[in-house]
Amino acid sequence: MAHLIRAGSSGRLSKSGVLGATRSMSTALWRHVEPAPKDPILGVTEAFLADPSPSKVNVGVVSISSLALIEIEFLRREYLPMGGSVKMVEETLKLAYGENSDLINDKRIAAVQALSGTGACRLFADFQKRFSPDSQIYIPNAPNGSFFLLHACAHNPTGVDPTEEQWKEISYQMKVKGHFAFFDMAYQGFASGDPERDAKSIRIFLEDGHLIGCAQSYAKNMGLYGQRIGCLSVVCEDEKQAVAVKSQLQQLARPMYSNPPVHGALIVSTILGDPDLKNLWLKEVKGMADRIIGMRTTLRDNLEKLGSPLSWEHITKQIGMFCYSGMTPEQVDRLTNEFHIYMTRNGRISMAGVTTGNVGYLANAIHEVTKSA
């Protein structure tokens, strides 16, 4: 992690000396800085926006929104506390842990509002560093007693989730080996269209007695990308421990961002706290998930009708916002250079960018660059 160090000078300089020193420092200060490489994901959008072609298609990074238009009178303009909106956190925990969760009722969950899912993951990483400084967080195999990062649903980028039985086996093995599970749940509702069903992995771990951590985000399922609204929660042994853990999380958040944003938190708490608005939101989430599933089927059908020699069944077997197409970086480059279609070079397609208007064009282009593979 980079540290910024503010340096000063104790000596006195004349006016001309100050100006000369400032100019010298200004030119030398950035001389060693090289241009940063393009972000592999956000750089896709930059290239797409710069392309003048009228037939260009962006299936790399696409933002979509399920948020119904609602009228909320935003009167609050003061800072939120470091822990964020209590109401928003309460409603968010119900999504992850269940409406009638004993853990919630027993106040065993330490939770704070975070800067979307990314901020929640970062905040937990600092918490882990402070209180388990010799540990690492793993995705592959690891020593007993390790921290594991898991996607709760709609795995990005593969779109391949474990089955319920596989989650049970994962939970069992992690329990046996004393691992700590930290769930990143950025796409709740986008896998099946049902937020309850998409939280099944977490519920399995809780039933097995794990004390998990969870990062939640409303960027996708409420379209609040720019609002940076999320939640970090840590399941504890009892209420006393939860109070202590929450206080530490708030202390860690203080030098990072001090207070989380209020606007998006009010939107979330208003929708989830109103039964009618929540039902409307759930209906829209289901509608978006069904649309993505439909586009998967249409894309696969189009490729098969074109006589592709390859199997594209993985398009419909995968779930969530992303399709891991299997195309090579070279094939993706051809899509961009010859057909003005943009995606990340690992072949990941954002299915949110596939529409009835461009799916045929996309399928034809994919067929052209893969038919001789």
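Below, a biologist and a modeller talk through the terms used for this structure.

Biologist: What should I know before we start?

Modeller: This is a predicted model, in which local features need pLDDT of at least 70 and side-chain atom pairs count only at pLDDT 80 or more, while totals for chains, interfaces and linings use all residues. Residues are numbered from 1 along each chain as its sequence is written, and side-chain values use heavy atoms, with hydrogens and water left out.

Biologist: What pLDDT does the chain average, and where does pLDDT stay under 50?

Modeller: The average is 85 (pLDDT is the predictor's confidence in each residue, from 0 to 100), and 83% of the residues score at least 70. Residues 1-33 have a pLDDT below 50, and beyond near neighbours in sequence this stretch has 4 contacts in the model (contact means heavy atoms within 4.5 Å). Residues 69-75 also stay under 50, with 8 contacts beyond four places in sequence.

Biologist: What makes α5 and α9 roughly perpendicular?

Modeller: Helix α5 covers residues 116-131 and helix α9 covers residues 239-256 (helices are DSSP runs of H or I with at least four residues, strands are runs of E with at least two, and both are numbered from the N terminus). They pack at an angle of about 115°, with their axes 10 Å apart (axes are lines fitted to C-alpha atoms, for helices over the stretch in contact, and angles run from 0 to 180 degrees between N-to-C directions). Angles of 65 to 115 degrees count as roughly perpendicular, under 35 as roughly parallel, over 145 as roughly antiparallel and the rest as oblique, so α5 is roughly perpendicular to α9.

Biologist: Which residues meet where α5 packs against α9, and of what class are they?

Modeller: Among those in α5 are Leu-123, Phe-127 and Phe-131, and the α9 side includes Val-245, Leu-249 and Met-256. The contact of α5 with α9 has 8 nonpolar, 2 polar and 3 charged residues (Ala, Val, Leu, Ile, Met, Phe, Trp, Tyr, Cys and Pro count as nonpolar, Asp, Glu, Lys and Arg as charged, and the others, Gly among them, as polar).

Biologist: Why are α3 and α10 called oblique?

Modeller: Helix α3 (residues 86-97) and helix α10 (residues 263-273) pack at about 55°, with their axes 8 Å apart. That angle falls in none of the ranges set for the other names, and therefore α3 and α10 are oblique to each other. Lys-87, Met-88, Glu-91, Thr-92 and Leu-95 in α3 meet Ala-265, Val-268, Ser-269, Leu-272 and Gly-273 in α10. This contact divides into 5 nonpolar, 3 polar and 2 charged residues.

Biologist: How do you know what to call the pair α3 and α8?

Modeller: α3 and helix α8 (residues 200-207) pack at about 80°, with their axes 8 Å apart. They are therefore roughly perpendicular to each other. Lys-94, Leu-95, Ala-96 and Tyr-97 in α3 meet Ile-202, Arg-203 and Leu-206 in α8. By class, 5 residues of this contact are nonpolar, none polar and 2 charged.

Biologist: Why are β2 and β3 said to stand at the edges?

Modeller: The open sheet has 6 strands in the order β2-β7-β6-β5-β4-β3, with mixed pairing. β2 (109-115) and β3 (137-138) each have a single partner strand, so one side of each is left without a neighbour in the sheet. α9 packs on this sheet, touching β2 and β7 (229-235), and its direction makes about 20° with that of β2.

Biologist: How do you know that β3 and β4 pair?

Modeller: Two strands pair if DSSP finds at least two bridges between them, and β3 and β4 have 2, in the parallel sense. The bridge partner of Tyr-138 in β4 is Phe-148, and Phe-148 stands opposite Ala-181 in β5. β4 and β5 run parallel, joined by 5 bridges. β5 (residues 180-185) also runs parallel to β6 (residues 213-217), with 4 bridges, and Phe-182 has Gly-213 as its partner in β6.

Biologist: What makes Pro-157 and Lys-107 worth pointing out?

Modeller: Most residues other than glycine have a negative phi, and most peptide bonds are trans. A cis peptide bond joins Asn-156 and Pro-157, with omega about 20°, and Pro-157 lies in the loop between β4 (147-151) and α6 (164-176). Lys-107 has a positive phi, near 55°, and sits in the loop between α4 (102-105) and β2.
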